[in-house]
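Take a look at the chain below before reading on. Turn it around and trace it from one end to the other.

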Amino acid sequence: MRSQAFIASLGEIAAMTLSFVLLYLRLPPVLPLWYSLATPDQQLVNKFWLLSIPLSLLGILIFHIFLESTLKKFDPILRKILRVGTLLITTLGTIAFFRILWVTL
């Protein structure tokens with residue numbers, strides 16, 4: 001049985017993907033995704049790039065599930081740290097995703 005942290009992470013990824021699909025027509029053609037770049041025109045990307053957030057988080061989640069299954073023989077504290085870390089990464093990505101939506105809509 002998978003842990004609750006992995007299930008919560010998967011739920012967050014599903015919520016981001018569903019939000020993108022439902023709000024696709026309302027989104028402007030370009031979105032501010034790269035906040036660390038110097039000028040505002042460099043920060044803008046096509047709205048399809050917004051899907052890079054849930055897709056990369058899904059890749060991280062799949063990798064962590066695989067890694068956690070190989071750690072079953074080892075210390076349970078390491079597995080717990082991996083689960084909490086996965087949930088933290090997914091939650092921060094979800095906050096960034098919805099912040100971008102909030103700024104643009």
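This report walks through the fold, the core, a helix pair, the aromatic rings and a few single residues.

**Overall fold**

The model is predicted. Four helices and two strands make up the chain. In sequence order, the pattern runs α-β-α-β-α-α. The C-alpha atoms fill a box of roughly 50 × 30 × 15 Å along the principal axes. The chain has 105 residues, and 33% of them are buried. Now take the contacts with a separation of 6 or more. Of these, 67% join residues 24 or more positions apart.

**The nonpolar core**

Which residues have the most contacts inside the largest nonpolar core? They are Met16, Leu27, Leu50, Ile53, Phe97, Ile100 and Leu101, in a core of 16 residues. Three helices each supply at least two residues of this core: helix 1 (4-23), helix 3 (52-70) and helix 4 (76-104). Helix 1 gives the most, with five residues.

Leu27 deserves a closer look. Leave out residues up to four places away in sequence. Leu27 then touches Phe20, Lys47, Leu50, Leu101, Thr104 and Leu105. Two of these partners, Leu50 and Leu101, are also on the list of core residues with the most contacts.

**Helix 3 against helix 4**

How do helix 3 and helix 4 pack? Their axes are 10 Å apart and meet at an angle of about 175°. Helix 3 is therefore roughly antiparallel to helix 4, since angles over 145 degrees count that way. Helix 3 brings Ile53, Pro54, Leu57, Ile60, Leu61, His64, Leu67 and Glu68 to the contact. Helix 4 answers with Arg79, Leu82, Arg83, Thr86, Ile89, Thr90, Gly93, Thr94, Phe97 and Ile100. Among these contact residues, Ile53, Phe97 and Ile100 also appear in the core list above.

**Aromatic rings**

The model has four aromatic pairs. One is tilted: Tyr24 and Phe48, at 5.5 Å centre to centre with 40° between the planes. This pair links distant parts of the chain, as its two residues are 24 residues apart. Tyr24 sits in the loop between helix 1 and strand 1 (30-32). Phe48 sits in the loop between strand 2 (44-46) and helix 3. Tyr24 is partly exposed at 25% relative accessibility. Phe48 is partly exposed too, at 49%.

Another pair is Phe97 and Phe98. Why is this pair edge-to-face? The ring planes stand at 90°, and planes over 60 degrees apart count as edge-to-face. The ring centres are 5.2 Å apart. Phe97 is buried, with a relative accessible area of 0%. Phe98 is partly exposed, at 33%.

Tyr24 has further company. Together with Phe20 and Phe48, Tyr24 forms one aromatic cluster. Lys47 lies over the face of Tyr24, 4.0 Å from the ring centre. Lys47 also touches Leu27.

**Three residues to locate**

Find Asp75, Asn46 and Ile81 in the view. Asp75 is in the loop between helix 3 and helix 4. Asn46 lies in strand 2. Ile81 belongs to helix 4.

Is Ile81 buried or exposed? Ile81 counts as exposed, because its relative accessibility is 56% and the exposed class starts over 50%. Asp75 is partly exposed, with a relative accessible area of 39%. Asn46 is partly exposed as well, at 41%.

Each of these three can be paired with a second residue. The table gives the separation along the chain and the C-alpha to C-alpha distance.

| Pair | Apart in sequence | Apart in space |
|---|---|---|
| Asp75 and Leu27 | 48 residues | 46 Å |
| Asn46 and Phe20 | 26 residues | 13 Å |
| Ile81 and Leu55 | 26 residues | 22 Å |

Two of the partners have appeared before. Leu27 is one of the core residues with the most contacts. Phe20 is part of the aromatic cluster with Tyr24 and Phe48.

Key: Residues are numbered from 1 along each chain as its sequence is written. This is a predicted model: local features need pLDDT of at least 70, side-chain atom pairs count only at pLDDT 80 or more; totals for chains, interfaces and linings use all residues. Side-chain values use heavy atoms; hydrogens and water are left out. A nonpolar core is a set of buried Ala, Val, Leu, Ile, Met, Phe, Trp, Tyr and Cys residues joined through side-chain atoms within 4.5 Å. Buried means under 20% relative accessible area, exposed over 50%, partly exposed in between (1.4 Å probe, protein chains only). Contact means heavy atoms within 4.5 Å. Rings of Phe, Tyr and Trp (its six-membered ring) pair if their centres lie within 6.5 Å; planes under 30 degrees apart count as stacked, over 60 as edge-to-face and the rest as tilted. A charge sits over a ring if NZ of Lys or CZ of Arg is within 6 Å of the ring centre and within 35 degrees of the ring normal. Axes are lines fitted to C-alpha atoms, for helices over the stretch in contact, and angles run from 0 to 180 degrees between N-to-C directions. Angles under 35 degrees count as roughly parallel, over 145 as roughly antiparallel, 65 to 115 as roughly perpendicular and the rest as oblique.
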